[in-house]
Amino acid sequence: MHIVACVKQVPDSETLIRVKPDGSGIEEDGIKWVMNPYDEFGVEEALRLKEKHGGDVTVISVGPARVVDTIRTALAMGAEKGIHIDDPALEGADAYTTATALAASIKDIPCDIIFCGQRAIDDDSGQVGSILAELLNIPQLTIVTKVDVEDKTVKVIKPVEGGQLLIESSLPCVITAQKGLNEPRYTSLPGIMKAKKKPVDVKDAAALGISVDPKAKVTKMIPPPGTPPGKIIEGDDASVTAAELVRLLREEANVI
Amino acid sequence: MAKGVWLVAEQRDGAFRKVSFEVAGAARKLADELGEEVCAILLGHDIEGIAGELGKYGVDRVYVADDVAFEQYTTDVYSAAVAKLIKENNPSILLLAASVQGKDLSSRLVGILATGMASDCVDLKIVDGSLVATRPVFAGKCYAEVTILTTPQMASLRPNLFPTVENEKAAEVVKFDPAIDAVELKTKVLEIQKDTSGRVDLTEADIIVSGGRGMKGPENYNVIEELADALGATVGASRAAVDAGWRPQSDQVGQTGKIVSPNLYVACGISGAIQHLAGMSSSKCIVAINKDPDAPILGKADYGIVDDLFKVVPEVTKELKKLLERGE
């Protein structure tokens with residue numbers, strides 16, 4: 001099987017995010033950059049399928065020079081090769097534009113399954129996987145927690161409101177990974193050493209033959225609204241504080 | 001020129017999902033500002049009868065396609081039918097719910113229609129005739145204002161946040177031909193496994209009671225379950241509780257779990273790590289019960305009790321039961 005895993009480099013989830021005073025973006029100094037956790041589930045699943053069915057895994061990332069670290073992490077986990085799409089014009093690009101770049105880099109390589117994270121934990125947009133599937137004219141299986149490949153079909157579990165679905169799809173397809181799909185492996189020292197020798201192609205928009213034509217733009221970043229201080233219900237007697245809480249929820253907040 | 005505010009209404013088993021009325025309310029507000037019409041698209045099987053109901057929530061016209069192929073949602077047929085109608089009518093704005101189905105459908109439509117979308121929005125407004133959407137990014141650590149540069153300007157709306165509107169006018173119902181016979185079906189739903197707990201899904205719940213590391217073990221969740229029963233609530237959990245294997249993945253609220261915005265969120269024994277707060281800070285009323293006075297969750301709570309949850313929570317349950325018995 002030929003498998004592609006798309007990965008995005010994002011600030012670690014414990015990072016404190018500070019908006020620049022002019023609202024033009026976030027302060028990038030001091031950020032610890034990591035592989036988007038949902039993409040990591042995708043890389044892990046790609047590797048497991050390769051180990052079971054044979055084949056190879058190509059990892060693709062869009063972003064500036066620092067993104068190479070994330071590609072190398074995926075290579076250290078066991079992927080065979082990397083593609084780094086590096087073009088200033090794609091910096092902060094909208095989902096459609098990013099998917100266009102990914103599609104252009106994938107269309108000429110043989111590929112049975114493309115994994116993406118179900119969303120990235122920076123822009124929380126959750127669109128790229130589906131747009132990519134549309135641009136490649138293949139089916140999408142989004143927000144998936146289990147993947148089984150049999151011959152030329154794949155069966156997945158997708159949690160929905162009030163239950164889950166078992167869905168079958170033809171290959172090739174795009175699968176977007178949800179937490180619960182697997183437990184990603186740690187990189188080993190030999191893995192990290194090997195990763196240094198694995199090939200990473202660098203391409204820009206011109207090399208991919210795409211034009212960057214924005215569909216959406218972030219016009220302003222805003223710090224979250226401050227929460228006014230709440231009410232601490234004082235007292236040592238739980239029956240008293242509990243009764244007061246119920247009264248407040250009923251009479252003041254009107255929520256019960 | 002692109003004109004009209006459109007939405008995709010979502011139904012399940014022949015009944016509208018509440019979020020569809022919220023999306024209709026948001027569409028009505030934008031349309032009134034623009035002086036345009038609100039049109040809804042409704043797909044399903046045996047659903048023609050419910051279409052008119054959308055009028056009460058601000059929709060002027062409902063385009064309905066009733067077909068057995070729409071009985072179960074699949075990306076293939078739903079996206080083809082919606083895209084066909086949108087291309088024929090060229091609306092300025094297209095709104096969907098950021099539900100499981102809405103997320104899958106909306107992002108495929110972005111690809112088909114080659115446009116931009118702001119997903120999981122918490123606010124929408126019109127500035128100089130264009131849609132400006134506000135959405136949480138970095139899991140709510142900050143917000144982004146997004147302008148869509150192409151039409152239809154698309155947005156998906158976070159459930160439980162947008163107010164519904166009441167409307168006296170009945171909606172005009174128009175049947176349309178979705179032309180899906182030629183659509184190649186590449187995916188198929190083989191099985192629907194329904195959750196039998198009888199509780200409302202977290203993302204749709206009005207009230208959520210969540211337990212975290214302070215629960216000390218899976219055996220203690222009966223305390224939470226009893227409170228949830230008394231409130232008619234759904235049970236949630238923090239990442240710590242899920243990662244410890246105490247609760248299923250589907251219960252997790254937070255940055256790597258479900259994003260929720262209920263009317264009332266009760267956090268029991270949850271410290272309030274930033275990734276948890278990200279998942280629930282848009283709740284309308286937050287209660288925190290935690291014995292650590294420095295727990296960050298207390299800073300986000302409307303009401304806090306600094307005490308042992310195993311003492312307080314059963315008392316709250318008892319108090320609620322008293323109210324119920326008195327029939328209040």
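Which residue takes a positive phi just after α4(A)? In this predicted model, the residue in question is N137(A), with a phi of about 55 degrees. The helix that precedes N137(A) offers a convenient entry to the packing of chain A, and the description below proceeds from chain A as a whole to its helices, to the interface with chain B, and finally to local backbone features.

Chain A contains 7 helices and 14 strands. Along the principal axes, its C-alpha atoms fill a box of roughly 65 × 45 × 40 Å. Of the 256 residues in chain A, 46% are buried. Among contacts in chain A with a separation of 6 or more, 71% are accounted for by residues 24 or more positions apart. The domain assignment divides chain A into domain 1, covering residues 2-208, and domain 2, covering residues 226-256. A distance of 45 Å separates the C-alpha centres of domain 1 of chain A and domain 2 of chain A.

Helix α1 of chain A comprises the 17 residues 37-53. At 1.5 Å a residue the expected span of α1(A) is 24 Å, and the end C-alpha atoms are indeed 24 Å apart, so the two values agree. The buried residues of α1(A) are Y38(A), D39(A), E40(A), F41(A), G42(A), V43(A), E44(A), E45(A), A46(A), L47(A) and L49(A). Just after this helix, G54(A) adopts a positive phi of about 80 degrees.

Helix α4 of chain A, spanning residues 128-135, is mostly covered, with 8 of its 8 residues buried. These buried positions include V128(A), I131(A), L132(A) and L135(A), as well as E134(A). Within chain A, the buried residues of α4(A) pack against α3 (95-106), β6 (113-117), β7 (140-144) and β11 (173-177). Their packing also involves chain B, through α3 (100-113) of that chain. Helix α4(A) is thus also among the elements that give two or more residues to the interface described next.

Between the two chains, 67 residues of chain A are in contact with 72 residues of chain B. On the side of chain A that touches chain B, the elements giving two or more residues are the helices α3, α4 and α7 (238-251), together with the strands β7, β9 (153-160), β10, β13 (216-222) and β14 (231-232). Helix α7(A) provides the largest share of this side, 9 residues. By residue class, the side of chain A that touches chain B divides into 36 nonpolar, 18 polar and 13 charged residues.

Strand pairing also links the chains. Strands β10(A) and β13(B) pair in the antiparallel sense over 7 bridges. Within this pairing, I167(A) has V189(B) of β13(B) as its bridge partner. Strand β13 of chain B, residues 187-194, also contains I192(B). Leaving aside residues up to four places away in sequence, I192(B) touches G163(A) and L165(A). I192(B) nevertheless counts as exposed because it has 12 C-beta neighbours inside 10 Å, the limit for that class being 12 or fewer. I192(B) and Q72(B), although 120 residues apart in sequence, lie 9.6 Å apart in space, C-alpha to C-alpha.

Cis peptide bonds occur in both chains. In chain A, the bond from L171(A) to P172(A) is cis, with omega near -5 degrees. P172(A) is located in the loop between β10 (163-170) and β11 of chain A. In chain B, T151(B) and P152(B) are joined by a cis peptide bond with omega of about -5 degrees. The position of P152(B) is the loop between β10 (142-148) and β11 (153-157) of chain B.

Chain B also holds residues other than glycine with positive phi. D13(B) shows a phi of about 50 degrees and is found in the loop between β2 (11-12) and β3 (15-16) of chain B. With 8 C-beta neighbours inside 10 Å, D13(B) counts as exposed. For N90(B), phi is near 50 degrees, and this residue lies in the loop between α2 (75-89) and β6 (93-97) of chain B. N90(B) is partly exposed, because 13 other C-beta atoms lie within 10 Å.

Conventions
Residues numbered from 1 in each chain as written. Chains lettered and ligands numbered in written order. Predicted model: local features only at pLDDT ≥ 70, side-chain atom pairs only at ≥ 80, totals over all residues. Domains from an automatic or database assignment. Helix = DSSP H or I, 4+ residues; strand = E, 2+ residues; numbered from the N terminus. Expected span 1.5 Å × (residues − 1). Buried ≥ 20, exposed ≤ 12 C-beta atoms within 10 Å, placed from the backbone. Contact = placed C-beta atoms within 7 Å. Nonpolar A, V, L, I, M, F, W, Y, C, P; charged D, E, K, R; others polar. Pairing = 2+ DSSP bridges.
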